[in-house]
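The following exercises are to be worked through with the sequence and the structure at hand. Each task is followed by a solution in steps.

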Amino acid sequence: MNAGKGVKLESWKNMTHGAHVFEAGNAVNFKTGDWRSDKPIFISENCKQCLLCFPVCPDSAIVLEDGQMQGFNYDFCKGCLVCMMACPFKAIEKEGV
Amino acid sequence: MARREKLSGNEAVSIAMKQINPDVVAAYPITPSTEVPQYFSTYAANGEVDTEFVPVESEHSAMSACIGAQAAGGRAMTATSAQGLALMWEMLYIASAYRLPVTLAAVNRALSGPINIHNDHSDTMGARDSGWIQIYSEDCQEAYDNFIQAVKIGEHPDVMLPVMDCYDGFITSHKVENIEIMEDEEVKAFVGKYNPPYHLMNKEKPMSMGPLSLPFYYFEQKRQQAEAMKTSIKAILEVAAEFEKVTGRKYGLFEEYRMDDAEVAIVILNSTAGTAKDVVDMLRDNGIKAGLIKIRVYRPFPVEQIAQALSKCKAVAVLDKADSLNGAGGPVFTDVTSAMFGRVDGVKVINYIYGLGGRDVTTDNIKEVYDNLQEIAKTGKVKEVYNYLGVREV
């Protein structure tokens, strides 16, 4: 079993009661991307920056910089490939196909 | 100053609830526990308490409402019996895992089937591994006293676990006894104001409860619960000592009745202990060294103390008012023999299942157990370990 890179597993003595969570916005610490089945690949030369991929991503895993699509945050991308379906320009493809 | 009153077990517990004046009582009626929320709803309707009384649609909802109220920082209570406790099952584990000290009056009644409304311990014995502290009460006085102590035990910072006060349906719940009631102010001072270390309504310290706990964390959370259960023994005794200071009534983990030089002893819970004490007295009058241990705190199970208390006996019978149907013995028997294993050698221990579904248990029945124990003490031979008392064999 692997808890994920950089995750320190505390002893029961140092953990909160009943798995209570006191830290806000802590989902960022839980790298759910390791559940990913398929992996989307960004083909930047095909991208027209229409950003149709961005709103359809259920995990906010489309990385934008200055309003420009840059690729994926694979720590959280679960490989649903909805972005690939939404892309009109073949700028997103499934890895290995 | 305390006052004396003639009260049934259920009346006494509902008065304890009134004196504690909790934030929420959520309950669904079921015989023989019905009177507890019934009396309490009258206090609520008359404005004698500040409590939000929630008449829910099932026991599952009763426990869920108590969990919600406790999670929001309130002090919550309920009462139930038999099928009601069974329907709470799923939520019992949530209350203990979330470390929410709900207080429950568990009025012991036989679990169906076949359907039966009378007393045995099959309901609460089934909940013995739910992570709740279980305290058993012999009579109305103990049911009242233990209910008040239960609040303080559960809310102890080293404990933070839910507690059930178990007393026998009809036998204790409906009999009227002349008991001593504390003054309202004494109860309020004793239980104090509930100041949970965290709760969902605290905007200074926001939190969330009930996240998914996957294989990396779940095990550690159960280990914490196990530790809280172990350390609660100390808290239970601390609370008992404080209670004694206020009321003069002394409580321990179990009661030892004429055990000093006892050669034969019975281990038992709840109301039948009263019947058995009469038999002990009769036997003692005839020069027989008989004794009795009445377990008060069953969860956590005081293993070392029980083993020590039985170490000088020759023969011991553990009486179970619930059968485990495991082909080996009842739940209390299994716990007592486990406690003795490796700690106490050479004591013969047998088991009797008795009183299922409210079958009457007389002094003659108990005498039969002591007769068998004397025979075992004399010969050193055990004919049968797993026995039934008062069932028709032919």
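## Exercise 1. A residue of the core

Task: Which residues is Tyr144(B) in contact with, leaving aside its neighbours within four places in sequence?

Solution. The model is a predicted one.

1. With those neighbours left out, Tyr144(B) is in contact with Ala12(B), Val13(B), Ile15(B), Ala16(B) and Gln19(B), and also with Ile179(B), Glu180(B), Ile181(B), Met182(B) and Val187(B).
2. Tyr144(B) belongs to the largest nonpolar core, which has 101 residues; together with Met63(B), Ile148(B) and Leu310(B), Tyr144(B) touches the most other members.
3. A separate core of 23 residues lies apart from that one, and includes Ile268(B), Ala317(B), Ile366(B) and Val369(B).

## Exercise 2. Strand S7 of chain B

Task: Explain why strand S7 of chain B is described as largely enclosed, and identify its pairing partners.

Solution.

1. Strand S7(B) covers residues 163-168, and six of the six residues are buried, so the rest of the structure largely encloses the strand. The cut-off for "buried" is a relative accessible area under 20%.
2. The two faces are then taken in turn. Val163(B), Asp165(B) and Tyr167(B) lie on one side, Met164(B), Cys166(B) and Asp168(B) on the other, and all are buried.
3. Strand S5(B), residues 103-108, pairs with S7(B) in the parallel sense over six bridges; here Ala105(B) stands opposite Asp165(B).
4. Strand S6(B), residues 133-137, also pairs with S7(B) in the parallel sense, over five bridges; Gln134(B) stands opposite Met164(B).
5. Helix H6(B), residues 140-155, completes a right-handed β-α-β unit with S6(B) and S7(B).

## Exercise 3. Strand S4 of chain B

Task: State how the residues of S4(B) are oriented, and follow the pairing of the strand.

Solution.

1. Strand S4(B), residues 76-80, is mostly covered, with five of its five residues buried.
2. Ala76(B), Thr78(B) and Thr80(B) point one way, whereas Met77(B) and Ala79(B) point the other way.
3. S4(B) pairs in the parallel sense with strand S2(B), residues 24-27, over two bridges, and Val24(B) stands opposite Ala76(B).
4. S4(B) pairs in the parallel sense with S5(B) over four bridges, and Ala79(B) stands opposite Ala105(B).
5. S4(B), helix H4(B) (residues 82-97) and S5(B) form a right-handed β-α-β unit.

## Exercise 4. Strand S13 of chain B

Task: Which strands pair with S13(B), and over how many bridges?

Solution.

1. S13(B), residues 315-320, has six of its six residues buried.
2. Strand S10(B), residues 264-268, pairs with S13(B) in the parallel sense over four bridges; Val318(B) is the bridge partner of Val267(B).
3. Strand S14(B), residues 348-354, runs parallel to S13(B) and is joined to it by six bridges; Lys348(B) is the bridge partner of Ala315(B).
4. With helix H11(B), residues 331-340, S13(B) and S14(B) make a right-handed β-α-β unit.

## Exercise 5. Two salt bridges

Task: Are the partners Arg75(B) and Glu155(B) buried or exposed, and what is the status of Asp281(B) and Arg258(B)?

Solution.

1. The structure holds 27 salt bridges over all chains. One of them joins the side chains of Arg75(B) and Glu155(B) at 2.7 Å, N to O.
2. This pair links distant parts of the chain, 80 residues apart: Arg75(B) is in the loop between helix H3 and S4, and Glu155(B) is in helix H6.
3. Arg75(B), at 6% relative accessibility, counts as buried; Glu155(B), at 13%, also counts as buried.
4. The side chains of Asp281(B) and Arg258(B) meet in a salt bridge at 2.9 Å, N to O. Asp281(B) lies in helix H9 and Arg258(B) in the loop between S9 and S10, so the pair ties together parts 23 residues apart in sequence.
5. Asp281(B) is partly exposed at 22%, and Arg258(B) counts as partly exposed at 39%.

## Exercise 6. The interface

Task: Describe the interface of chain A and chain B by contacts, buried area and salt bridges.

Solution.

1. In chain A, 17 residues are in contact with 21 residues of chain B.
2. The size of an interface is often given as the accessible area lost when the parts come together.
3. The two chains bury about 1800 Å² between them, 69% of it on carbon and sulfur atoms.
4. The rule finds zero salt bridges across the interface of chain A and chain B.

Notes:
Residues are numbered from 1 along each chain as its sequence is written. Chains are lettered from A and ligands numbered from 1 in the order in which they are written. This is a predicted model: local features need pLDDT of at least 70, side-chain atom pairs count only at pLDDT 80 or more; totals for chains, interfaces and linings use all residues. Side-chain values use heavy atoms; hydrogens and water are left out. Buried means under 20% relative accessible area, exposed over 50%, partly exposed in between (1.4 Å probe, protein chains only). Two strands pair if DSSP finds at least two bridges between them. A crossover is right-handed if, with the strands pointing away from the viewer, the path from the first strand over the helix to the second runs clockwise. A nonpolar core is a set of buried Ala, Val, Leu, Ile, Met, Phe, Trp, Tyr and Cys residues joined through side-chain atoms within 4.5 Å. Contact means heavy atoms within 4.5 Å. Buried area is the accessible area (1.4 Å probe) that two parts lose on being put together, summed over both. A salt bridge is a side-chain nitrogen of Lys or Arg within 4 Å of a carboxyl oxygen of Asp or Glu.
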